[in-house]
Amino acid sequence: MAYNASFDLTLLAAELRRHGLAPMEERLGGTGIGPVVDPYTIDRAVDRYRRGKRTLEAVCGEYGVVLEAAHEAAADALAAVRVAVAIAERHRRVADLDPAELHARQIDWYRAWAEDFQAFLRRKGNAEAVVDTAWPLRDAAVPTR
């Protein structure tokens, strides 16, 4: 469970590489990473056209979750869990998924968002814009926004 999991997991993977430590996949017994629950990715998929920011603070407001001590790890983690629960309560199609299926759907949802965002950037004049479609781990060699 992490809000904007691809950021945290990609950063963690990079730090493990930098320090010459075993990668996450190896630490998890070679089973890959997951299932991951990322309320950020889920929210963008289930409420695609909602205007406004998608920060943890803004999404907490949307779902009626109290965020105390924002940007402190424990408070942010608790808020992410509460947002995930609130999303599941509001969107039954999310609640009905088992963890493995939710993980798989998030991969698809993130890819669709990234492709759409990349197309948007290119339409706006950045012809070389590249938005990594990988989730929950980004390819460290691909520039990110």
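Is Gly52 buried or exposed? In this predicted model, Gly52 is exposed, because its relative accessible area is 57%, and over 50% counts as exposed.

## The loop around Gly52

Gly52 sits in the loop that joins helix 3, spanning 39-46, to helix 4, spanning 56-63. Although Gly52 and Glu62 are 10 residues apart along the chain, a separation of 9.9 Å lies between their C-alpha atoms.

## Helix 4 and its two sides

The buried residues of helix 4 include Leu56, Val59, Cys60 and Tyr63. These residues lie on the same side of helix 4, because the arc that they cover around the axis is only 105 degrees. An α-helix has 3.6 residues a turn, so residues three or four places apart point the same way. On the face of helix 4 that is turned away from this buried side, the exposed residues Glu57 and Gly61 are found.

Among the elements that cover the buried residues of helix 4 are helix 3 and helix 5, the latter spanning 73-90. After helix 4 comes Gly64, a residue with a positive phi near 70 degrees.

## The nonpolar cores

The largest nonpolar core holds 18 residues, and the members that touch the most other members are Ile42, Tyr63, Val65, Val83, Ile87 and Val94. Helix 3, helix 4, helix 5 and helix 7 each contribute at least two residues to this core, and helix 5 provides the largest share, with five residues. Tyr63 thus appears both among the buried residues of helix 4 and among the members of this core that touch the most others.

The contacts of Val83 give a closer view of this core: leaving aside neighbours within four places in sequence, Val83 is in contact with Pro39, Leu56, Val59, Cys60, Tyr63 and Val65. Another core, of 14 residues, lies apart from the largest one, and its members include Leu9, Trp113, Phe117 and Val131.

## Gln118 in helix 7

Gln118 belongs to helix 7, and this residue counts as buried because its relative accessibility is 18%, where the limit for buried is under 20%. When residues up to four places away in sequence are not counted, Gln118 touches Ala129, Val130 and Val131. Val131, one of these contacts, is also a member of the core of 14 residues.

## Backbone features to look for

Most residues other than glycine have a negative phi, and most peptide bonds are trans. Against this background, two residues with a positive phi can be described. Asn4, in the segment before helix 1, which spans 5-18, has a phi near 65 degrees, a positive value in a residue other than glycine; Asn4 counts as partly exposed, because its relative accessibility is 22%. His71, in the loop between helix 4 and helix 5, is not a glycine either, yet its phi is positive, at about 75 degrees; His71 is exposed, because its relative accessible area is 71%.

Cis peptide bonds can be described in the same way. The bond from Gly34 to Pro35 is cis, with omega near 0 degrees, and Pro35 lies in the loop between helix 2, spanning 24-27, and helix 3. The bond from Trp135 to Pro136 is also cis, with omega near 10 degrees, and Pro136 is found in the segment after helix 7, which spans 99-123.

Note on methods:
Residues are numbered from 1 along each chain as its sequence is written. This is a predicted model: local features need pLDDT of at least 70, side-chain atom pairs count only at pLDDT 80 or more; totals for chains, interfaces and linings use all residues. Side-chain values use heavy atoms; hydrogens and water are left out. Helices (H or I, at least four residues) and strands (E, at least two) are DSSP runs, numbered from the N terminus. Buried means under 20% relative accessible area, exposed over 50%, partly exposed in between (1.4 Å probe, protein chains only). The arc is that of the directions from the helix axis to the C-beta atoms. Contact means heavy atoms within 4.5 Å. A nonpolar core is a set of buried Ala, Val, Leu, Ile, Met, Phe, Trp, Tyr and Cys residues joined through side-chain atoms within 4.5 Å.
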